[in-house]
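Trainee: I am new to this structure and should like to go through it with you step by step. May I put my questions one at a time?

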Amino acid sequence: MEEMEPQTASGKVLWHFTMSLDGFVAGPGHSMDWMQGIEEAGDRDIVAEYVATTGAVLGGRDGWDAFPDASMTYGGRWSGATFVLTHHPEDAAPSPGVTFLDCDVAEAVRIALDAAGGKNVEVLSPTIGKQLLERGLLDEMDIHVAPVLLGDGIRLYDNPGGSPVALTLLNGGPSRVEVGLRYRPVR
Ligand SMILES: NC(=O)c1ccc[n+]([C@@H]2O[C@H](COP(=O)([O-])OP(=O)(O)OC[C@H]3O[C@@H](n4cnc5c(N)ncnc54)[C@H](OP(=O)(O)O)[C@@H]3O)[C@@H](O)[C@H]2O)c1
């Protein structure tokens with residue numbers, strides 16, 4: 001299987017997450033300590049790739065309240081417009097570069113794409129990504145699978161009782177192949 005091609009900046013709506021092998025993007029209580037010590041694959045500077053191709057970020061209120069500091073996106077290497085969707089923007093503390101939106105998710109994407117100036121909008125929210133998927137407004141998802149099982153936390157995609165969502169693999173080669181990963185527990 002091919003490694004992922006470098007991401008390109010072309011006004012895409014992109015769901016981008018590091019995910020545990022069992023499908024979580026955050027641990028219980030939004031904990032992110034499980035990411036410590038996990039390295040980027042190969043010689044590529046993956047962070048630089050996303051810093052260069054991301055024009056705006058769209059997140060949800062829970063993620064914002066857990067980490068209310070847009071200056072730390074990509075470890076402080078990225079700067080740009082951040083939009084946070086919330087039903088109660090009035091109780092959000094103002095923060096530089098951050099706009100709190102209470103609108104339809106499609107309108108939020110339009111606003112973020114406009115601010116992105118031709119680069120991509122990164123959707124850093126499981127709940128918003130799901131809504132965009134349902135509305136046909138999500139262009140791509142970039143998922144980096146971390147070598148860890150969490151067992152609890154916030155899932156990338158949570159939809160009990162829902163139907164499977166078929167995906168096309170964009171790594172090159174056949175589009176509907178399964179991806180093989182071999183692990184061993186750390187002792
Ligand atoms: N692993 C990674 O790479 C990575 C990257 C980024 C973030 N994360 C993690 O992802 C987690 C965030 O996800 P989450 O699922 O807990 O919450 P979230 O998606 O950040 O926030 C959910 C909240 O956003 C608001 N919202 C969502 N859709 C809305 C809409 N259409 N209109 C108005 N408001 C809307 C609602 O807030 P109100 O109704 O309360 O206003 C909703 O309760 C955090 O723990 C963060 O650390 C992980």
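Trainee: In which loop is the place of His 30?

Mentor: The model is a predicted one. His 30 has a phi near 65°, which is positive although the residue is not glycine. Its place in the chain is the loop between strand 2 and helix 1 (46-53).

Trainee: Is His 30 buried, exposed or partly exposed?

Mentor: A residue counts as buried with 20 or more other C-beta atoms within 10 Å, and as exposed with 12 or fewer. His 30 has 14 such atoms within 10 Å, so the residue is partly exposed.

Trainee: What is the phi of Tyr 74?

Mentor: Most residues other than glycine have a negative phi. Tyr 74 lies in the loop between helix 2 and strand 4 and is partly exposed, with 15 other C-beta atoms within 10 Å. Its phi has a positive value, near 50°.

Trainee: Which residue with a positive phi follows helix 4?

Mentor: Within helix 4, the buried residues include Ile 128 and Leu 132. The helix is followed by a residue whose phi is near 70°, namely Gly 136.

Trainee: In what order do the elements of the chain run from the N terminus?

Mentor: The secondary structure comes to 4 helices and 8 strands. Read from the N terminus on, these elements run β-β-α-β-α-β-β-α-β-α-β-β.

Trainee: In what order do the 6 strands of the open sheet stand?

Mentor: Strands of a sheet pair through backbone hydrogen bonds, either parallel or antiparallel. Here the pairing is parallel, and the order of the 6 strands in the open sheet is 5-4-3-6-1-7.

Trainee: Which are the edge strands?

Mentor: An edge strand of this sheet pairs on one side only. That description fits strand 5 (98-101) and strand 7 (140-146). From one strand to the next, the twist averages 25°.

Trainee: How many bridges join strand 1 to strand 6?

Mentor: Strand 6 (residues 120-123) also pairs with strand 3, in the parallel sense over 4 bridges. Leu 58 has Val 123 in strand 6 as its bridge partner, and Val 123 is likewise the bridge partner of Trp 15. Strand 1 and strand 6 run parallel, and the number of bridges that join them is 3.

Trainee: Which residues of strand 6 are buried on its two faces?

Mentor: In a regular strand the side chains alternate between the two faces of the sheet. In strand 6 both faces are covered. The buried residues are Asn 120 and Glu 122 on one side, and on the other Val 121 and Val 123.

Trainee: Is Ala 56 buried or exposed?

Mentor: Ala 56 lies in strand 3 and stands opposite Val 121 in strand 6. Its contacts farther along the sequence include Phe 83, Ala 112 and Ala 116. Because 22 other C-beta atoms lie within 10 Å, Ala 56 is buried.

Trainee: What distance separates the C-alpha atoms of Ala 56 and Ala 116?

Mentor: Along the chain these two residues are 60 residues apart. Ala 56 nevertheless touches Ala 116. The separation of their C-alpha atoms is 4.8 Å.

Trainee: Which strands supply at least two residues each to the shell around the ligand?

Mentor: The ligand has 26 residues around it, and among those that come nearest are Ala 26, Asp 62 and Thr 86. By kind, the shell divides into 12 nonpolar, 11 polar and 3 charged residues. Helix 2 (61-66) and helix 4 (126-135) each supply at least two residues, as do strand 1 (13-20), strand 2 (24-26) and strand 3 (54-60).

Trainee: What percentage of contacts between residues at least 6 apart in sequence joins residues at least 24 apart?

Mentor: The pair Ala 56 and Ala 116 has already shown residues 60 apart along the chain with C-alpha atoms separated by 4.8 Å. For the chain, the percentage asked for is 78%.

Trainee: What radius of gyration does the chain have?

Mentor: The C-alpha atoms fill a box of roughly 50 × 40 × 35 Å along the principal axes, and 23% of the 187 residues count as buried. With 187 residues, a compact globule would have a radius of gyration near 16 Å, so the chain agrees with that value at 17 Å.

Technical notes: Residues are numbered from 1 along each chain as its sequence is written. This is a predicted model: local features need pLDDT of at least 70, side-chain atom pairs count only at pLDDT 80 or more; totals for chains, interfaces and linings use all residues. The radius of gyration is taken over C-alpha atoms; the globule rule is 2.2 Å times the number of residues to the power 0.38. Two residues are in contact if their C-beta atoms, placed from the backbone, lie within 7 Å. A residue is near a molecule or strand if its C-beta atom, placed from the backbone, lies within 6 Å of it. Ala, Val, Leu, Ile, Met, Phe, Trp, Tyr, Cys and Pro count as nonpolar, Asp, Glu, Lys and Arg as charged, and the others, Gly among them, as polar. Two strands pair if DSSP finds at least two bridges between them. Axes are lines fitted to C-alpha atoms, for helices over the stretch in contact, and angles run from 0 to 180 degrees between N-to-C directions. Lists of a residue's contacts leave out its neighbours within four places in sequence.
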